[in-house]
Amino acid sequence: MTLSLDSIPQPPSGALTLETPALAVVDLWKAYGNNQALQGTSFVLNQGERLALLGPNGAGKTTLIRSMCGRVRPDRGQVFLLGKSIRDPDVLLQMGVIPQDLAIYADLTAKQNLECFGQLHGLRSRKLKERVAWALKWIGLEDRANELTKGFSGGMKRRVNIACGVLHRPRILLLDEPTVGVDPQSRQRIFDMLDELNEEGTSIVLTTHHLDEAETRSDRIVIVDHGKVVAEGTIDHLIESTIGTQRQVTIQASGLLVAAPPGLEWDSEKGRFVCWVDNVADELPGILERIQKVGGVVLDLEVHQPNLHDVFLHLTGKELRE
Ligand code: ADP
């Protein structure tokens with residue numbers, strides 16, 4: 001998909017409207033030597049949206065995130081934040097960036113870390129105090145505020161790290177793998193924190209290795225492979241436009257010595273019969289009856305609903321973790 005500059009909604013006056021994308025990535029190219037990391041990547045993050053960026057290892061996600069916040073200079077293409085180029089130095093103040101690697105000081109307390117990052121973002125005196133108090137509450141660490149972060153669990157460190165990137169109230173937040181190395185309970189907590197920010201109007205882009213997070217915690221998904229967007233949309237749209245919505249039924253049966261019963265195929269890899277149905281409740285009784293009629297006894301049966309994992313595998317030919 002190639003997004004042209006003309007296709008980004010821009011009011012004639014240059015004023016911000018609800019239609020102006022929070023972030024527009026337009027035809028980004030970036031090579032490291034002979035290695036073409038980005039090859040014309042384009043997509044839009046709408047205001048108030050939570051967007052998950054998925055792709056196999058090496059697809060270009062980190063380069064993309066770094067280009068979106070001005071930390072990597074693309075060879076070609078542009079990034080607009082609320083209608084303004086990120087080359088404009090004031091524009092980046094509206095953005096918060098949470099890198100993949102923890103970037104907090106182990107020998108400072110949670111509060112000192114927040115004060116330090118708040119100052120880096122230009123916060124001073126009363127404003128700084130207010131925002132640090134807000135952040136400690138937001139991350140649920142008010143009672144541990146004065147402890148050194150080196151004694152914190154992985155999840156607690158991540159929460160401090162995220163808070164450091166949002167003290168200045170960014171309107172757009174980019175997170176590269178915000179839940180890497182944290183337990184499921186902390187993951188849940190981090191997503192609750194992000195949802196709270198989103199409800200207050202922050203637009204969010206995140207990369208993740210957890211397909212379930214992308215499915216349940218984002219409004220839209222962008223799949224990147226070989227430095228290009230290969231698909232984007234809601235989970236329902238992605239399923240419909242790639243593998244279709246039919247459920248796959250796999251059946252293990254004994255007593256069937258000959259060919260598959262009508263309407264079923266033999267999958268030698270699975271060692272089971274398979275068929276696809278639009279409506280499980282309507283179609284399954286007929287399938288079972290056909291097996292019985294030819295002398296088969298059903299031993300096991302599984303219905304598979306197409307999901308993001310199937311879409312991802314279909315589009316990239318790879319597992320997310322490969
Ligand atoms: P992802 O985050 O999806 O794993 P990356 O953006 O890290 O992808 O990498 C995309 C491609 O660019 C990979 O082939 C990677 O090896 C290469 N790459 C990334 N950063 C550098 C760098 N600083 N120098 C050289 N090659 C790099």
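**Entry 1: the cavity**

I started with the lining of the largest cavity and sorted its residues by class, which gave four nonpolar, no polar and three charged residues. The model I am working from is a predicted one. I then asked how many cavities of 30 Å³ or more the structure holds, and found one. For the largest cavity I noted a volume of about 40 Å³. Its lining is made up of Arg50, Phe191, Leu194, Asp195, Ile204, Leu206 and Arg217. I looked up which elements supply at least two residues each to this lining, and they are α5 (184-199) and β8 (203-207). Of these, α5 provides the largest share of the cavity lining, with three residues.

**Entry 2: the largest pocket**

I turned next to the largest pocket, for which I recorded about 380 Å³ of space. The pocket is lined by 17 residues, and I wrote down those closest to its centre, namely Arg71, Val97, His121, Gly165 and His168. Going through the elements, I found that β6 (95-98), α2 (110-120) and α4 (154-166) are the ones that give two or more residues to this lining. I also checked which element gives the most to the pocket lining, and that is β6, with four residues. Sorted by class, the lining of the largest pocket comes to 11 nonpolar, five polar and one charged residues.

**Entry 3: the ligand**

Which residues surround the ligand? I listed Tyr32, Asn35, Ala37, Pro56, Asn57, Gly58, Ala59, Gly60, Lys61, Thr62 and Thr63. By class, I counted this shell as four nonpolar, six polar and one charged residues. I then went through the side-chain contacts to oxygen atoms of the ligand, beginning with Lys61, which has a polar side-chain atom 2.8 Å from such an oxygen. For Thr62 I noted an N or O atom of the side chain at 2.8 Å from a ligand oxygen, and for Thr63 the corresponding separation is 2.5 Å. Taken on its own, the ligand has 550 Å² of accessible area, and I found that the protein covers 59% of this. The elements that give two or more residues to the shell are β2 (35-45) and α1 (61-68). I noted α1 as the source of the largest share of the shell, three residues.

**Entry 4: the open sheet**

β2 led me on to the strands. I traced an open sheet of four strands in the order β2-β1-β4-β5, and recorded its pairing as antiparallel. Why is one side of β2 and of β5 (84-85) left without a neighbour in the sheet? Both strands stand at the edges and each has a single partner strand, so there is no neighbour on one side of either. For the antiparallel pair of β1 (residues 23-32) and β2, I found eight bridges joining the two strands. To fix the register I noted Leu23, which stands opposite Leu45 in β2.

**Entry 5: the pairings of β11**

Last, I followed strand β11 (residues 247-254) to its partners. β11 runs antiparallel to strand β13 (residues 272-277), and I found five bridges joining them. Within this pairing, I noted that Arg247 has Val277 in β13 as its bridge partner. β11 is also joined to strand β14 (residues 297-304), here by seven bridges and again with the strands running antiparallel. For that pairing I wrote down Val249, whose bridge partner in β14 is Val303.

Methods
Residues numbered from 1 in each chain as written. Predicted model: local features only at pLDDT ≥ 70, side-chain atom pairs only at ≥ 80, totals over all residues. Heavy atoms only, no water. 1 Å grid on protein atoms, 1.4 Å probe; cavity = no way out; pocket = protein on both sides within 12 Å on 5 of 7 lines; lining within 4 Å. Points joined across faces, edges and corners; volume = space filled by probe spheres on them. Nonpolar A, V, L, I, M, F, W, Y, C, P; charged D, E, K, R; others polar. Near = heavy atom within 4 Å. Polar contact = N/O pair within 3.5 Å; in protein donor to acceptor, adjacent residues only side chain to side chain. Areas by Shrake-Rupley, 256 points an atom, 1.4 Å probe, with all protein chains shown as cover. Pairing = 2+ DSSP bridges.
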